[in-house]
Amino acid sequence: KEALDIFKEKGAEVDFDKRIVKIPREMVEDAIDAAPSKVILYGREDKHNLILEDSNVYFGTGGTVLNVLDWETNKKRPSTLKDVAQFAKLVDALDNAHFYLLPLYPTELSQEAVDVNRFYAGISNTSKHIMGGIYDKVGLSETIEMAEEIAGGAEQLRKRPFVSFITCVMSPLKLENIYTEFLIEIARKGLPVACPSEVLTGATGPVTLAGDLVLINAETLACVTLTQLVNPGTPVIYASTASIMDMQKGIYLGAGAEPGLINAGVAQLAQNVKLPDYATAGMSDSKIPDAQVGYESAISALAVAVSGANFIHDAAGNLEFCMTISFEKAVIDNDILGMVMRMVKGIKVD
């Protein structure tokens with residue numbers, strides 16, 4: 001309701017009964033102009049700062065998965081808050097994992113306790129930038145208050161944001177209640193936010209990759225527009241977590257050629273409007289760290305990186321259709337990502 005009011009007040013065509021907003025071209029263009037083309041996501045050490053602009057490439061974790069492949073028992077089990085902290089320590093030591101996007105959901109906690117505890121577990125175990133999704137409005141407020149206290153005040157956090165947030169679009173073409181409330185609140189606070197379109201090819205989006213890109217562009221630009229209507233200059237990141245559906249089994253696939261192609265295309269769309277890009281790559285649908293893990297992760301990571309995507313998440317540790325995190329795979333991925341980053345640098349002639 002609040003988003004409908006904001007769009008109406010700023011001049012969009014709003015049907016309150018059907019809950020439909022038609023956004024004028026000029027409003028979108030004004031929002032693109034207002035949104036920063038350069039977003040800096042800070043680490044608590046300057047060596048970990050991420051400068052998201054042009055074709056700068058960074059890799060990191062992600063996924064918010066519910067299971068861990070225990071490295072001691074080699075068995076899958078539900079993830080815990082201790083795993084969030086331990087995986088942060090591992091990421092802190094991996095040279096080619098440039099940020100810690102909170103990859104695990106602490107299943108033993110109530111939903112109200114998840115947000116602030118997840119962020120605290122990350123912040124207290126790595127000095128790299130922390131990004132995460134949000135599950136509760138009170139949790140969002142608590143997390144921002146905690147980060148402000150650590151930063152030395154609200155204004156200090158705005159100047160050097162070492163945490164950032166994710167909200168999502170519900171494809172096709174829906175800004176759903178909870179995530180949109182979060183998006184408006186984060187924009188009001190002036191903190192960095194990614195608002196990914198989560199199109200699933202052949203399920204919640206067109207079966208063609210080109211059709212997917214049209215839908216992704218509309219959805220993430222709708223989020224960009226809303227953030228700038230709320231607070232012009234909000235550091236918002238053009239974003240996609242799009243993937244494909246196995247049309248025979250009706251299940252989500254994280255790996256394969258098509259997700260890499262989609263996210264490479266999204267990077268080009270972001271560059272076209274001169275906005276930073278949040279993309280997905282480096283996952284595997286294998287259940288264990290095997291040969292399949294290596295080739296699936298490497299192919300998509302390389303495709304998306306050489307397209308110039310800025311902030312590539314899910315690239316370290318994700319197994320089994322993005323349902324399980326493996327510490328061992330994160331170490332394997334670190335080596336793969338080192339080779340990809342070398343290829344991104346290209347050949348120097350001086």
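Me: Let me start with one residue: is A301 buried or exposed?

Reply: Happy to begin there, with the reminder that we are looking at a predicted model. The general idea is that a residue under 20% relative accessible area counts as buried, and one over 50% as exposed. A301 has a relative accessible area of 1%, so it is buried.

Me: Where does A301 sit, and which residues does A301 touch?

Reply: A301 belongs to helix 10, which covers residues 291–306. Leaving aside residues up to four places away in sequence, A301 touches F59, A281, G282, L337 and V340. Another residue to look at here is I312: eleven residues separate A301 and I312 in sequence, and their C-alpha atoms are 8.1 Å apart.

Me: Let's step back to the whole chain. How many helices and strands does the protein have?

Reply: There are eleven helices and 19 strands.

Me: How should I read the radius of gyration for the 350 residues?

Reply: The idea is to set the value beside what a compact globule of that length would give. For 350 residues that would be near 20 Å, and the protein has 19 Å, so the two agree. For the outer dimensions, the C-alpha atoms fill a box of roughly 55 × 50 × 45 Å along the principal axes.

Me: What share of the residues is buried?

Reply: Buried residues account for 55% of the 350. As for the surface, the protein exposes about 15,100 Å², and carbon and sulfur atoms supply 54% of that area.

Me: What share of the contacts join residues at least 24 apart?

Reply: Take the contacts between residues at least 6 apart in sequence: 70% of them join residues at least 24 apart.

Me: How many positive and negative side chains are there?

Reply: The count is 31 positive and 46 negative side chains. The centres of the two sets lie 2 Å apart.

Me: Now the inside. Which residues have the most contacts inside the largest nonpolar core?

Reply: That core has 70 residues, and the ones with the most contacts inside it are F87, Y100, F119, V163, F165 and L226. Helix 8, residues 209–230, gives the largest share of this core, with eight residues. F165 makes a good example to click on: not counting residues up to four places away in sequence, its contacts include F119, M131, I134, L140, I186 and L191.

Me: What counts as partly exposed, and why does I40 fall there?

Reply: Partly exposed is the range between the buried and exposed cut-offs. I40 has 25% relative accessibility, so it counts as partly exposed. I40 is placed in strand 3, residues 39–41. Beyond residues up to four places away in sequence, I40 touches L50, I51 and P161. V91 is 51 residues from I40 in sequence, and 20 Å from it in space, C-alpha to C-alpha.

Me: Which residues does Q86 touch?

Reply: Q86 touches W71 and F327, not counting residues up to four places away in sequence. Q86 lies in helix 3, residues 81–93, and at 27% relative accessibility it is partly exposed. N74 is twelve residues from Q86 in sequence, with 16 Å between their C-alpha atoms.

Me: Let's turn to the backbone. What sign does phi have in most residues other than glycine?

Reply: Most residues other than glycine have a negative phi. In this model, R19 has a positive phi of about 60 degrees although it is not a glycine. R19 lies in the loop between strand 1 (13–15) and strand 2 (20–22), and its relative accessible area of 48% makes it partly exposed. C322 also has a positive phi, near 65 degrees. C322 is found in the loop between strand 18 (318–319) and strand 19 (324–326), and at 15% relative accessibility it counts as buried.

Me: And which residues does a cis peptide bond join?

Reply: Most peptide bonds are trans. Here a cis peptide bond joins S171 and P172, with omega about 0 degrees. To find P172, go to the loop between strand 10 (163–166) and helix 7 (177–189).

Methods
Residues are numbered from 1 along each chain as its sequence is written. This is a predicted model: local features need pLDDT of at least 70, side-chain atom pairs count only at pLDDT 80 or more; totals for chains, interfaces and linings use all residues. Side-chain values use heavy atoms; hydrogens and water are left out. Helices (H or I, at least four residues) and strands (E, at least two) are DSSP runs, numbered from the N terminus. The radius of gyration is taken over C-alpha atoms; the globule rule is 2.2 Å times the number of residues to the power 0.38. Buried means under 20% relative accessible area, exposed over 50%, partly exposed in between (1.4 Å probe, protein chains only). Contact means heavy atoms within 4.5 Å. Accessible areas come from the Shrake-Rupley method with a 1.4 Å probe; for residues, only the protein chains shown count as cover. Lys and Arg count as positive and Asp and Glu as negative; His and the chain ends are not counted. The place of a charge is taken as NZ of Lys, CZ of Arg, CG of Asp or CD of Glu. A nonpolar core is a set of buried Ala, Val, Leu, Ile, Met, Phe, Trp, Tyr and Cys residues joined through side-chain atoms within 4.5 Å.
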